[in-house]
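Hello,

Here is the structure you are taking over. Have a look first, then read my notes below.

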Amino acid sequence: SSSSLRVTPTVPPAAPRRRRQFFFKTKVLATRGARGTGFGYLRPTFIALSRPSVPPGFGRQLVQGHFAFGSWTRLASSCAGALAATALRMAPRQARAKAAPAEPKDSETPEPVAKRTRPKKAAAASKEELPAADSQADTPPQDDTTPAKQTKRARAKASPKAEAKAAADAAAPEGEKDAKKLRRMNTPKRDKDSPLPRSLTPRQLVPEGIGKTLKVLSLNVAGLRSVLNGDKAQILKALVERELPDIFCLNEHKLKQEDVEENEAKLKELLPKEYATMHWTCSTAKKGYSGVAMIIRHSLDGETGVISAPAEVEVTAGMGELGEGDTIAAEEGRILTMELPQLVLVSTYVPNSGQDLGRLSYRVDRKSELCWDRNFAKYVSTLRESKKKPVVVIGDLNCCAEVQDIWNMYDRPDFPEGLAEKPIADQYLGLTSLKKSAGLTPEERESFPKMLKEADLVDTFRALHPDASGVFSYYSMRVVKNRSMNQGLRLDYVLASSSLCAHLRPPAERGAAKDEAPAGDLPVPRIQDSFILDEDDLVADHTAVGCTIVL
């Protein structure tokens, strides 16, 4: 019947119009069009590929297993934001691959494709400057094609580190090349998931029958107030009770002068009662900054004390006349000097060069009017000559002198002998960032031995343990694993006049020395032991360092 029939009128096909297809996909879809490649548009949850007259089912035809969406409602229900972002990153690579012309068959000869090697403007300008064709007949053709863009792998191979290494290997003689290659092959690779190995540095015991000995300990507390008011106070107490130093030096206490009395009372309450005399110097140029302290141990009843009258010991702050006009040396509380009957003890906290190396010139430039290393060496020499006594310097000197003092150097294939033999400036191959780190710069490391020579000082720890590695006195708190992985720096030292160290030898050489004098015949005073307590619990980011002196 007519009611059951439905007439569908014939409608002429509409003109092609621009359509959009939306694809939920993990691969990039690209089409060939007027510009040769497809366009990807990043939306919150999809990629849109727009082209005039996109045929129905385009997505299904191009990528199997993916679905074409025709409405915003259905598309919004799909969560494809992350996939769309990944696809968009890969779009240029996929588009170039699809846009590449197909390889010709054997029967076909490909037409040469002209490559534009220079910008059009540059090419047009060069045409005007070219001489006539006849004059160029004898000129060899020049290869002025633009080099292809390097891939990431190619750029990595052409890195400055690789180029420098290749140049160094090429310049080395054949015998030296073979020796280097053999050393690299025989050097076992370190397991970077394990802590750096630490050398054994046994403490040197004082022989029986020796007279008085003076033990000096130094510790950078990085703020005494926070130590005394926190859990670290008990670690500090345990350290002093175990070592029982005759003189205990504190670096970087950061106290203001008005806060000294309160914190001194807390410190006396915490430490054993014999630590009753304390000397302080505080920064007046900047509040809550720097600062050095010396704490002297009194003898108990019935005990013969090393320091007979601790309360009468003379202690001075600063560099004296050498510090005049120098606000850092005179006003930042960085030096305390104690004169004893047998020697002079200097506790110091050397200025850091700063994160931006703003104080590097002040530290090492001996030609400038103010230079810490130069003036400090003069100060020590003046003490030795005027007092007619040897000098011991202890504290945080803010410099890593040798390659063994820097954990970053341990992964170098020529560590430590080969690396130490190189000039300091050449030891940073592959570690150029260290050149801009305070305490590790080539300028500071070159200036440090000069300062020792000018002041006639000896690094006592290295004199006893010249080959020790993995022994550090500072662990940065910025990286939690530094302490557990033994990744540190040696910034704290015990230095002594050469007259106190003439007898020092490594333990392995001491027993084999035939001309070694008995302990009772050695000159006094002298350094008996120098140590770094890096295996103790940390009070702050530094470990304690110390020495034992036979008086």
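**What I found**

Start with one pairing: Thr348 stands opposite Gly395 in β12. Please keep in mind throughout that this is a predicted model.

**The sheet from β9 to β13**

The strand β12 (residues 391–396) pairs with β11 (residues 344–349). The two run in the parallel sense, over 6 bridges. Both belong to an open sheet of 6 strands. Its order is β9-β10-β11-β12-β14-β13, and the pairing is mixed. At the edges are β9 (314–317) and β13 (457–459), each of which pairs on one side only. On average, neighbouring strands here are turned by 20° against each other, direction ignored.

**The sheet from β7 to β15**

Another open sheet is built from 6 strands, again with mixed pairing. Read across, the order is β7-β8-β6-β5-β16-β15. The edge strands are β7 (275–281) and β15 (526–532), and each has a partner on one side only. Neighbours in this sheet are turned by 15° on average, direction ignored.

Look at the β15 edge. There, β15 and β16 (residues 545–550) run antiparallel and are joined by 6 bridges. One match to find on screen is Ile527, whose bridge partner in β16 is Ile549.

Helices lie across these strands too. Helix α9 (residues 232–243) lies across β5 (213–220), β6 (247–251), β7 and β15. It runs at about 165° to β5. Helix α10 (residues 260–270) lies across β6, β7 and β8 (292–297). Its angle to β7 is about 150°.

**Aromatic rings and charges**

How many aromatic pairs does the structure hold? The count is 5. One of them is Tyr410 with Phe472, an edge-to-face pair. Their centres are 5.9 Å apart, with 65° between the planes. Tyr410 lies in the loop between β12 and α14 (417–421), and Phe472 in the loop between α16 (460–464) and α17 (481–484), so the pair ties together parts 62 residues apart in sequence.

Are these two residues buried or exposed? Tyr410 is buried, at 11% relative accessible area. Phe472 is buried as well, at 0%. Ring pairs also link Tyr410, Phe415, Phe472 and Tyr475 into a cluster.

Charges sit over rings elsewhere. Arg203 lies over the face of Phe531, 3.7 Å from the ring centre. The charged end of Lys286 is over the ring of Tyr289, at 4.6 Å from its centre.

**Cysteines**

How many disulfides are there? The count comes to 0. Take Cys501 as an example. The closest cysteine sulfur to its own is in Cys547, 9.4 Å away, which is too far for a bond because a disulfide needs the sulfur atoms within 2.5 Å. Cys501 is buried, with a relative accessible area of 8%. Cys282 is also buried, at 8%.

Cys371 comes up in a separate distance. Its C-alpha atom is 7.5 Å from that of Ser361, with the two residues 10 apart along the chain. Ser361 lies in helix α12 (residues 360–364). At 40% relative accessibility, Ser361 counts as partly exposed.

**Backbone points to check**

Where are the cis peptide bonds I noted? One joins Phe415 and Pro416, with omega about -5°. Pro416 is in the loop between β12 and α14. Phe415 is also a member of the ring cluster described above. Another cis bond runs from Val524 to Pro525, with omega near 0°. Pro525 lies in the loop between α18 (507–510) and β15.

Next, two residues with positive phi that are not glycine.

- Lys254 has phi near 65°. It lies in the loop between β6 and α10. At 34% relative accessibility, Lys254 is partly exposed.
- Asn398 has phi near 50°. It lies in the loop between β12 and α14. At 7% relative accessibility, Asn398 is buried.

That loop between β12 and α14 is a good place to begin your own look. Tyr410, Pro416 and Asn398 are among its residues.

Best wishes

How values were computed
Residues numbered from 1 in each chain as written. Predicted model: local features only at pLDDT ≥ 70, side-chain atom pairs only at ≥ 80, totals over all residues. Heavy atoms only, no water. Pairing = 2+ DSSP bridges. Helix = DSSP H or I, 4+ residues; strand = E, 2+ residues; numbered from the N terminus. Axes fitted to C-alpha atoms, helices over the stretch in contact; angles between N-to-C directions. Phe/Tyr/Trp six-rings, centres within 6.5 Å; stacked < 30°, edge-to-face > 60°. Buried < 20%, exposed > 50% of the residue type's maximum accessible area, 1.4 Å probe, protein only. Lys NZ or Arg CZ within 6 Å of the ring centre and 35° of its normal. Contact = heavy atoms within 4.5 Å.
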